[in-house]
Amino acid sequence: MKEPILEIRGLNKRFGPTHANKNIDFTLYQGEIRGLIGENGSGKSTLISQIAGVYSPDSGEMRIRGEKYCPQSPLDAYKQKISMVLQELGVVGNLPVGVNVFLGRTGQFTKNGVVSLKALNRAVAEQFEKWELPMPPLNSLTGNMMIETRKIVELARALSVDPDIILLDEITQSLSLNNRRKLYELLQKLKSMGRSVIIITHDVEELIEITDTITVLRDGEVVGNVVSANTTPDEVKRMMVGRDISGDYYRADKKAQYDDEVVLSVKNLTVAGELEDISFDVHAGEILGFCGLSDSGIHSVAKAVFGLSRASGGSVYLAAKDLYIKNPMQALINNVGYVPKDRDSEALMVNASVRENFALPSLGELTGPLGFVSPKNMKKLASEMVSKLSVKCEDIFQPVSSLSGGNKQKINLGRWLAKDLKLLILDCPTRGVDVGVKAYIYSLMKEAKKNKIAILLISDELTEIIGMADRLIVMKDGRMTKTISRDGDFTEQAVIEVMI
Amino acid sequence: MKKRTLKFHDVVPFITFIVIFLFFTIASYNPRNGTFRMLTPLNLNTILDQTMLTIVVACGSLFVVAQGSIDLSVGVNLALSGVIATWVAHATGIPFLLIPVALLVGLLVGIFNGIIVSRFKVSSFMLTLAMLIGMRGLVNFIQTKTHTQRIPEELVFLNTPVVKALIFFAIVIIMAYVFEFTKTGRYSRAIGENETAAMFVGIPVKRIKLLAFALSGLMAGAGAVFSLITVGSTSQQMGVFLEIRVIMAIFLGGVLVTGGSSAKFYKIFLGSFSIQIIINGLALINRSDSHISQSVQGILLLLMLLVSVIAEKRSRRTRDLSDSDSANKRRAGFRRAGR
């Protein structure tokens, strides 16, 4: 092996009573791609936040290139050529892409106190080209862009300091397949340049594929280090959880099984600029998967079916209720549920309580005579769901913001299961949750399928769709390119061929 | 024993109220006859009258604030409703027409605000600010044509404590019910918490927004009736600065500017009494010079702003905490409650 670039010895970090990092020893070598994995709350983000200078350790020592390293802020980290893309979005929405990339470092483009946007954008474009990233329009505001694009902007910013160590916290979950591939290539490129990478993701298979070594964390401690080439997903999962996890959390059967009853029938649906001529039927008890690259429009299908986009042509016919869905309100009162991709900004009221969040879609059902929504019934519903889904919370009045990602997702999905649904639209339901919760979400989906709920499963993770769907629809540029049934050639290979 | 964690910004309004009340009560002590001027029956009656008006109007505005919007037009709406209603009552010779007309005018103005805000996505602040200025001109125009009008003799009997209390409690109970226990109220708070999430769940966001402004307008109309009965006539000063009083009452009560689940009905009582005791108390201790009174109001509002900023920071800190370790995050709740 080459020389160590970053050494950490006996690192401790506490947040009040929470011991987030316990005696962490960690060594990163030059040209190494290191994966960091662990359940939600195992201390991964805390660890790299300290390397990035966001938090200071309580005790322990960090050395970089053999010299003592105590960053007080991310700026100190930059000076040591360490850069990062952190979990929470870190772009300034009201500034254009170009300024975001060189945020805080625009001084070099300043002439007489005025920043030359031309020079700045030229430098930014160079960065995008150098690292072969897809370049968004440099003068548009980042606030209006998709999460994926914003993540890429952050990535460009991290790369623009020409880092020796780059820290990537759950970046792949925001990227679609094609951009993930770009990222993998980028990692290889960095490796060949002798740069080091620490990457966090929940996707075990992905991690094994793209990293050299993996460090597993559990309850704030390093459980072990493994060489990616010599390990299996099951071994890593076992280390993460501390016990055996059955490997088959997907469906075991290889046959498409659903009723003949059509629940939803979409005909020639067109949304200007997003979808072209989409037609499909979903049956009771069927899981219909949608997959495609980033601009394929799979997420727009979810919105359009739920009545959130204005269709310029075609129809969404809810056969189970004999009506056409034109707005989300109709969808809600006619037993259609929608789990959006971005749970914090699109689905949950993070500052409101667990109870409010659970009850929100069911308020119609909870309403009695004179429009009376009884707090008692709300409490009952929330308590039942909390115990049914084993949501880890102090009580139902706790604000959702204090829950972990997995528990938030349980609420996001679970609140719809409290209703008597006909159709459930899931947009990336396992995004950013650990294996335990992931397995649980799949079991919920299987249960919903058994209860004859029709499910639209939209996902950036191909394995998930292959694992769960009865049929899948491949989309490209807002059009449907192919429908494959579980009975047929239902493999990743077959899908990827038509997808790209 | 599981306990609801007390939120910082929920406690402060109570303390503010108690401090204000005690301060002005003691400050109003009259050594000559050993009484507290604050607590004389006559003065308490004045406070109650004024507070009732603030509360009635705030009942409606609360829906708007809960959604994270603001209605600055309630004061001028009250004036317009009052002036038109009195004029109609006189012109038609049917005195009781005053009440439905006032409510209707208030409601229409509210609906207009609601349509503009919900359909055209205009900021409620800008729109109602424009309404505040523009409609005041309209009110003054009508006033110059009609001069000061007394309310019809037949309605004077309404100005008794019992009748007013009955109407007041009827309004408050209905509005409290709608706000706390119906879908409309809950949806309003959901919109304040996260408008996108509300929309993505299937809540008719536009309709609920329209409804909130309509209710706000309707309550301004009800406020006009209240004000006319109490004062006995229209005047140039009708509803001037009322919107500020109402909004301060809501914020002083502990509702955050962003609305959401911080909006609770009881808070408008707390806030309305607080603001009224300040205004009244300052007058009693001979500091009624308007600039001092206004300064005190401003300082209090600043204080509330500070509190909401601190509350926001604290909630963010606990969020950081929980992200770092979910297994131990429950203790975070205790820690916050303990402090």
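**Helix packing, strand pairing and nonpolar cores**

In the predicted model, B:Asn77, B:Leu80, B:Ser81, B:Gly82, B:Ile84, B:Ala85, B:Thr86, B:Val88 and B:Ala89 of α3(B) are in contact with B:Leu98, B:Val101, B:Ala102, B:Val105, B:Gly106 and B:Val109 of α4(B). Sorted by class, the residues of this contact between α3(B) and α4(B) comprise 10 nonpolar and 5 polar residues, with no charged residues. Two packed helices are described by the angle between their axes and by the distance between those axes. For helix α3 (residues 74-92) of chain B and helix α4 (residues 98-120) of chain B, the angle is about 145° and the axes lie 8 Å apart, and the crossing of α3(B) and α4(B) is right-handed.

These two helices belong to a chain in which 13 helices are found alongside 2 strands. Chain B contains 339 residues, of which 48% count as buried. When contacts in chain B are restricted to residues at least 6 apart in sequence, 78% of them join residues that are at least 24 apart.

In chain A, strand β11 (residues 213-218) takes part in two pairings of opposite sense, being parallel to β3(A) and antiparallel to β12(A). The pairing with strand β3 (residues 33-37) of chain A extends over 4 bridges, and within this pairing A:Gly35 has A:Ile214 of β11(A) as its bridge partner. The pairing with strand β12 (residues 221-227) of chain A is made through 6 bridges, and here A:Arg218 stands opposite A:Glu221 of β12(A). β11(A) and β12(A) together form a hairpin with 2 residues between the strands, and A:Asp219, located in the turn, has a positive phi of about 50°.

The largest nonpolar core of the model has 173 residues, and those with the most contacts inside this core are A:Ile455, A:Leu456 and B:Leu62. Helix α9 (residues 205-231) of chain B supplies the largest share of this core, with 17 residues. For A:Leu456, when neighbours within four places in sequence are left aside, the contacts are with A:Val282, A:Leu288, A:Phe290, A:Ala302, A:Val305, A:Ile425 and A:Leu426. A second core, separate from the largest one, has 57 residues, including A:Leu47, A:Ile51, A:Leu120 and A:Leu167.

Notes:
Residues numbered from 1 in each chain as written. Chains lettered and ligands numbered in written order. Predicted model: local features only at pLDDT ≥ 70, side-chain atom pairs only at ≥ 80, totals over all residues. Buried ≥ 20, exposed ≤ 12 C-beta atoms within 10 Å, placed from the backbone. Contact = placed C-beta atoms within 7 Å. Axes fitted to C-alpha atoms, helices over the stretch in contact; angles between N-to-C directions. Left-handed = near helix turned anticlockwise from the far one by under 90°. Nonpolar A, V, L, I, M, F, W, Y, C, P; charged D, E, K, R; others polar. Pairing = 2+ DSSP bridges. Core = buried A, V, L, I, M, F, W, Y, C linked by C-beta atoms within 7 Å.
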